[in-house]
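User: I am new to reading protein models and would like a close look at a single part. Could you take one helix and explain how it sits among its surroundings?

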Amino acid sequence: MAEAAQMLVSQKQKMIVTNNHGEKLVGLLHETGSREIVILCHGARASKDHFIIENLAVALEKEGISSFRFDFAGNGESEGAFQFAHMRREADDLHAVIQHFSGSNHVVSAIFGHSKGGVDVLLYASKYHDIPTVVEASARYDLKKGIERHLGKDFMEKIKKEGFVDIGSPKFRVTEESLMDRLSTDMRESCLKIDKDCRVLIVHGSADEITPVEDAFEFAKIIPNHKIHIIEGADHCYTSHQAKLDTVVVDFIKAALQQDKASSN
């Protein structure tokens with residue numbers, strides 16, 4: 001048992017990828033020896049070490065699938081300033097990571113994102129069209145909603161007056177420019193650009209207290225090649241439903257990999 005644990009640790013490798021702004025993005029590679037690799041994207045004010053991301057990396061590892069979890073610019077160990085929105089810029093961070101692995105011995109076969117990371121992977125798919133399988137969990141469809149929960153009442157008045165609002169501390173400072181970036185990000189318009197050949201899994205908890213489960217069905221209306229899985233009783237972070245989330249996501253990715261191998265033969 002101790003030997004198996006030691007082997008698991010030895011398969012993890014910290015890596016740095018530079019984005020197109022010259023910022024160093026820090027990530028952790030879970031190497032199983034598979035050519036295929038899955039990139040895992042965290043949510044807002046989180047990091048590559050969020051339990052959802054870490055648990056999914058371990059679940060994929062158990063199935064022999066390599067993965068890479070990383071911190072977006074301004075989060076975790078990565079360079080850059082925190083941004084409240086800038087999901088399109090985070091999609092570009094993801095592109096830098098995918099380009100890095102595409103130039104190695106790996107093929108990026110799938111991307112996964114939770115919450116804001118779910119928005120990021122959908123925006124990526126709408127722009128770059130080079131990943132066959134996308135999984136989003138608990139993403140928000142209408143980005144004009146849910147802001148008051150983070151910034152408080154009268155946030156627009158405060159930000160116009162002060163030029164910013166802090167979420168708890170100056171570390172998480174929301175500028176007017178960042179807020180406007182979020183308000184101008186149209187997920188309907190973006191998702192209509194996702195290729196019909198791109199498989200998309202939409203996962204959501206029925207008891208999500210942050211992003212209502214109805215958002216999942218809005219995505220399902222416009223994403224052409226999708227499957228939707230509602231996890232009954234799960235909250236936004238799948239606190240009591242981690243194993244179920246991992247099973248749903250890993251099974252979808254494994255089936256997609258088998259389909260890709262069959263079509264290439």
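Analyst: A residue is called buried when its relative accessible area is under 20%, exposed when that value is over 50%, and partly exposed in between. With that cut-off in hand, one can say of this predicted model that buried residues make up 51% of the 265 residues in the chain. The part I have chosen for the close look is helix α10, which runs over residues 242–264, but a little of the whole chain should come before it.

The secondary structure of the chain comes to 10 helices and 10 strands. Its radius of gyration is 18 Å, close to the 18 Å that the globule rule gives for 265 residues, so the chain is as compact as a globular protein of that length. Along the principal axes, the C-alpha atoms fill a box of roughly 60 × 35 × 35 Å. Among contacts with a separation of 6 or more, 70% are between residues 24 or more positions apart, and helix α10 lets us see some pairings of elements in detail.

Helix α10 has 23 residues, which at 1.5 Å a residue should span 33 Å, and its end C-alpha atoms are indeed 33 Å apart, so the expected and computed spans agree. Which residues of α10 are buried? They are Gln242, Leu245, Asp246, Val248, Val249, Val250, Phe252, Ile253, Ala256 and Leu257. The cover over these buried residues includes the strands β3 (36–41), β5 (107–114), β6 (133–137), β9 (199–205) and β10 (226–231), together with the helix α2 (51–62).

Since α2 is part of that cover, it deserves a look of its own. Helix α2 has 12 residues and reaches 16 Å from its first C-alpha to its last, close to the 16 Å expected at 1.5 Å a residue. Its own buried residues are Ile52, Ile53, Leu56, Ala57, Ala59, Leu60 and Glu61. After α2 comes Gly64, whose phi is positive, near 80°.

On the other side of α2 in the sequence lies the loop between β3 and α2, where Arg45 has its place. Arg45 has a positive phi of about 50° although it is not a glycine, and at 39% relative accessibility it counts as partly exposed.

Strand β6, also part of the cover over α10, leads to a comparable case. The loop between β6 and α5 (147–151) holds Ser138, which is not a glycine either and has a positive phi of about 65°. Ser138 is buried, with a relative accessible area of 1%.

Finally, Lys116 in helix α4 (residues 116–128) takes us back towards the loop that holds Arg45. At 10% relative accessibility, Lys116 counts as buried. Leaving aside its neighbours within four places in sequence, Lys116 is in contact with His42, Gly43, Ala44, Gln83, Phe84, Ala85, Met87 and Glu90. The C-alpha atoms of Lys116 and Ala46 are separated by 9.7 Å, although the two residues are 70 apart along the chain. Two of the residues that Lys116 touches, Met87 and Glu90, are also listed among the buried residues of helix α3.

Conventions. Residues numbered from 1 in each chain as written. Predicted model: local features only at pLDDT ≥ 70, side-chain atom pairs only at ≥ 80, totals over all residues. Heavy atoms only, no water. Helix = DSSP H or I, 4+ residues; strand = E, 2+ residues; numbered from the N terminus. Rg over C-alpha atoms; globule rule 2.2 N^0.38 Å. Buried < 20%, exposed > 50% of the residue type's maximum accessible area, 1.4 Å probe, protein only. Contact = heavy atoms within 4.5 Å. Expected span 1.5 Å × (residues − 1).
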